[in-house]
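Colleague: I'm new to this one. Could you walk me through how to read it?

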Amino acid sequence: MNMRHLLLLPMCFAAIVTLPMVAQTHKAVAPVVPTYSQVSFDPTSVRLPPHFMGNDIVRLYEAYKALRAAQKTEFETTDQFRKRIELAEARLLGNGMKPSTLAFVVPVVSEYDADAQVLNAGVECSNPHGVQEHVLGSIAVRKHKSHRTYVASNAFGAKITVDETHTVSFHIGVDNPDDFVIDDAKNLLVASLKSTPEEARRIKGTLSALALCSIERGEETSDDFILEKATFDNPHEYWEEMQFLNTNLVAIWFFDSSSGRIYAKVGPRDANTGKQ
């Protein structure tokens with residue numbers, strides 16, 4: 001073999017093996033962060049977006065409460081004031097003056113019946129037992145708890161350390177609970193999902209519930225509270241401030257939070273049969 005050819009071979013090989021060494025750059029893809037919906041809900045939806053969060057009950061409660069507290073200005077006519085409030089209401093959900101359907105993700109409970117091979121899913125709708133009893137039926141949406149201890153004393157100077165739990169909660173006030181079949185023992189709106197044990201285990205991990213509601217102009221919000229005072233025998237105090245967005249319940253949907261798949265829809269009872 002010609003020596004000149006032999007010398008060329010290593011050079012060619014070196015050129016081939018060094019090509020993949022060129023650095024490649026990749027653009028990092030930012031994860032999608034779920035956010036609350038700013039518009040009214042479409043009740044004809046056949047599937048929900050993955051990780052759907054629904055509407056923000058805190059934002060809507062505070063916005064409606066501020067609207068009802070608004071005052072007519074000195075140089076504003078009554079008609080101008082009314083139109084200003086109506087425009088602000090329409091902007092809340094970006095749907096103009098059309099009737100709105102709200103959707104709130106709410107806590108769900110579930111229990112599998114292995115004999116019947118049914119996963120029973122439920123949403124609690126019950127009397128919140130507020131002192132003022134402004135609302136007789138509600139679905140809790142969000143709660144924030146804080147704890148503290150303090151020293152209390154009575155008229156005789158005896159002292160005791162009290163554990164206080166303070167809760168701020170936001171609820172859907174349900175003006176029409178009698179329109180739905182609610183389990184009296186557990187105060188649950190229930191749907192039964194036929195499933196094998198393996199399917200039920202998978203479903204329970206990402207099972208969520210959605211409360212669909214409509215809201216009418218007027219008394220959109222109300223407030224109540226629960227106060228359980230501490231005693232020397234029971235030095236625990238519980239105080240809950242409850243905020244309600246008053247609505248008519250339209251339906252409860254059970255869905256997979258990761259994929260958006262809808263498993264079941266629970267609507268009002270039939271007017272003739274009384275069944276769901």
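Colleague: Let's start with one residue: does W253 count as buried or exposed?

Modeller: First, a word on the source: this is a predicted model, where local features need pLDDT of at least 70, side-chain atom pairs count only at pLDDT 80 or more, and totals for chains, interfaces and linings use all residues. Residues are numbered from 1 along each chain as its sequence is written, and side-chain values use heavy atoms, with hydrogens and water left out. Now, buried means under 20% relative accessible area, exposed over 50%, and partly exposed in between (1.4 Å probe, protein chains only). W253 comes out at 3% relative accessibility, so it counts as buried.

Colleague: Which ring forms an aromatic pair with W253?

Modeller: Rings of Phe, Tyr and Trp (its six-membered ring) pair if their centres lie within 6.5 Å; planes under 30 degrees apart are stacked, over 60 edge-to-face, and the rest tilted. The count here is 3 aromatic pairs. In one of them, F41 meets W253 edge-to-face, at 5.4 Å centre to centre with 75° between the planes. F41 sits in the loop between helix 1 (3–18) and helix 2 (57–69), while W253 is in strand 9 (residues 236–256), so the pair ties together parts 212 residues apart in sequence. Helices (H or I, at least four residues) and strands (E, at least two) are DSSP runs, numbered from the N terminus. F41, F52 and W253 make up one aromatic cluster.

Colleague: And what sits over the ring of W253?

Modeller: A charge sits over a ring if NZ of Lys or CZ of Arg is within 6 Å of the ring centre and within 35 degrees of the ring normal. Here the charged end of K265 does that, 4.1 Å from the centre of the W253 ring.

Colleague: How many residues does the largest nonpolar core have?

Modeller: In soluble globular proteins, nonpolar side chains tend to be buried together. A nonpolar core is a set of buried Ala, Val, Leu, Ile, Met, Phe, Trp, Tyr and Cys residues joined through side-chain atoms within 4.5 Å. The largest has 40 residues, and F104, V106, I139, I172, L249, I252 and F254 have the most contacts inside it. Helix 2 gives the most to this core, with 6 residues. Apart from it lies another core, of 10 residues, with W253 among them, along with A103, L210 and I262.
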